[in-house]
Amino acid sequence: MERRRLDTARVFERVFAIYRLQAAVLLPAAVVLYLVPAALTLTSGRRGQALALAATIIAAVGYQGFVVQAVRDIQDGVRDLSLTGLFRSISKVLAPLLWTAILVGIGVFIGFLAFIIPGLVLLTQWAVAAPIVVCEVRTAPQALGRSRQLVHGHGWRVFSVLMVTFLLVLIVDLALASAANALSGGKVAFAIAQLVGGTLTAPVFALASAVLYLELLQLRGEQLPPADMAGFTRRP
């Protein structure tokens, strides 16, 4: 029996469909999470830069978990959780999400030092680690192993989704940075550009990972774990 292949066109269709339909939740959440990192870019010195970087990483990790829960919530066609409820639902998995992001970052960085290709391989194999932490309540090492298992046999297609997503985000960020530079080039303009860029592009990266996870589960004939596994409580 021939293995079914990941449909990359379907992945992007789902990503942008969810983006469009759930923008009222995704965009305000991005503003809330990326406001502090954008503000910290106005500070000067190494300490301020370090704080801005740390805040950006935490915001990105938290937002990934938020988006996974949002996508999980609408699988029945109805959004049950409010914005506050979604934020509350990721509180229990924020720590393992952060550890997962740290391990992925270290592994990919070391891989890039080893002639780049190993870094790209690890980035592909661990592409759905964050959704696994949220949906399957796994530890960081378990999530990395499980992600490798799900991606196996679909590596090139997962890699293509990641690269196209990266290019889309890069184009938007460069366009906003150019606009900020053309207007004034000051720190405030760049901070605003970063906030707008983060707000618009963060959902794309996070949704790509979440949708890839759902598609890979389906290809393996597996069901999405019950929502209550991660303390995912719906409104009465």
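This is a dialogue in which a biologist asks how to read the helices, core and empty spaces of a predicted model.

Biologist: Before we turn to details, how many helices and strands does the secondary structure of the chain come to?

Modeller: We are looking at a predicted model, and its secondary structure comes to 10 helices and zero strands, so the pattern read along the sequence is α-α-α-α-α-α-α-α-α-α.

Biologist: What share of the residues of the chain count as buried, and how large is the accessible surface?

Modeller: Of the 236 residues, 42% count as buried, while the accessible surface comes to about 12,500 Å², with 68% of that area belonging to carbon and sulfur atoms. As for how the chain folds back on itself, among contacts with a separation of 6 or more, 75% are between residues 24 or more positions apart.

Biologist: Which members of the largest nonpolar core touch the most other members?

Modeller: That core has 56 residues, and those touching the most other members are Y63, F66, V67, V128, V158, L207 and Y213. At least two residues of this core come from each of α1 (8-21), α2 (23-40), α3, α5, α7, α8, α9 and α10, and the element that gives the most is α10, with 13 residues. If you wish to follow one member in the viewer, take V158, which, leaving aside residues up to four places away in sequence, touches L6, T124, A127, V151, L212 and L216.

Biologist: Let us move to empty space; what general idea lies behind the search for it?

Modeller: Where empty space is left is shown by rolling a probe the size of a water molecule over the atoms. In this structure, the largest pocket holds about 1,400 Å³ of space.

Biologist: Which residues lie nearest the centre of the largest pocket, and which elements line it?

Modeller: There are 40 lining residues, and nearest the centre of the pocket lie A60, V61, Q64, L123 and F205. Two or more lining residues are given by each of α3 (45-73), α5 (94-113), α7 (129-136), α9 (155-183) and α10 (187-219), and the largest share, 11 residues, is that of α10. Sorted by class, the lining has 30 nonpolar, nine polar and one charged residues.

Biologist: What volume does the second largest pocket have, and which residues line it?

Modeller: Its volume is about 250 Å³, and the lining consists of I117, L120, V121, T124, Q125, R148, V151, H152, G153, G155, W156 and F159. Here at least two lining residues come from each of α6 (117-125), α8 (140-151) and α9, with α6 supplying the largest share, five residues. The classes in this lining are six nonpolar, five polar and one charged residues.

Biologist: How should I read a cavity, as opposed to a pocket, and how many cavities of 30 Å³ or more are counted?

Modeller: A cavity is a set of points where a 1.4 Å probe fits but cannot get out, whereas a pocket is an open set. The count comes to one cavity of 30 Å³ or more, and the volume of the largest cavity is about 40 Å³. Around this cavity stand V68, V71, R72, P131, C135, A210, Y213 and L214, with α3, α7 and α10 each giving two or more residues to the lining. By class, the lining has seven nonpolar, no polar and one charged residues.

Biologist: Turning to single residues, is R146 buried or exposed?

Modeller: R146, found in helix α8, is buried because its relative accessible area is 9%, which is under 20%. Beyond residues up to four places away in sequence, R146 touches I132, E136, R138, L217, R220 and E222.

Biologist: Why does T100 count as buried?

Modeller: The same cut-off of 20% applies, and T100 counts as buried because its relative accessibility is 3%. T100 is found in helix α5, and, again leaving aside residues up to four places away in sequence, T100 touches A129, V133, A140 and L144.

Biologist: Why does K187 count as partly exposed, and how far apart are the C-alpha atoms of K187 and T43?

Modeller: K187, in helix α10, has a relative accessibility of 47%, and therefore counts as partly exposed, which is the class between 20% and 50%. The C-alpha atoms of K187 and T43 are separated by 9.0 Å, although these residues are 144 residues apart along the chain.

How values were computed: Residues are numbered from 1 along each chain as its sequence is written. This is a predicted model: local features need pLDDT of at least 70, side-chain atom pairs count only at pLDDT 80 or more; totals for chains, interfaces and linings use all residues. Side-chain values use heavy atoms; hydrogens and water are left out. On a 1 Å grid over the protein atoms alone, a cavity is a set of points where a 1.4 Å probe fits but cannot get out, and a pocket is an open set with protein on both sides within 12 Å along at least five of seven lines; lining residues have an atom within 4 Å of a point. Grid points are joined across faces, edges and corners, and a volume is the space filled by probe spheres set on the points. Helices (H or I, at least four residues) and strands (E, at least two) are DSSP runs, numbered from the N terminus. Ala, Val, Leu, Ile, Met, Phe, Trp, Tyr, Cys and Pro count as nonpolar, Asp, Glu, Lys and Arg as charged, and the others, Gly among them, as polar. Buried means under 20% relative accessible area, exposed over 50%, partly exposed in between (1.4 Å probe, protein chains only). Contact means heavy atoms within 4.5 Å. Accessible areas come from the Shrake-Rupley method with a 1.4 Å probe; for residues, only the protein chains shown count as cover. A nonpolar core is a set of buried Ala, Val, Leu, Ile, Met, Phe, Trp, Tyr and Cys residues joined through side-chain atoms within 4.5 Å.
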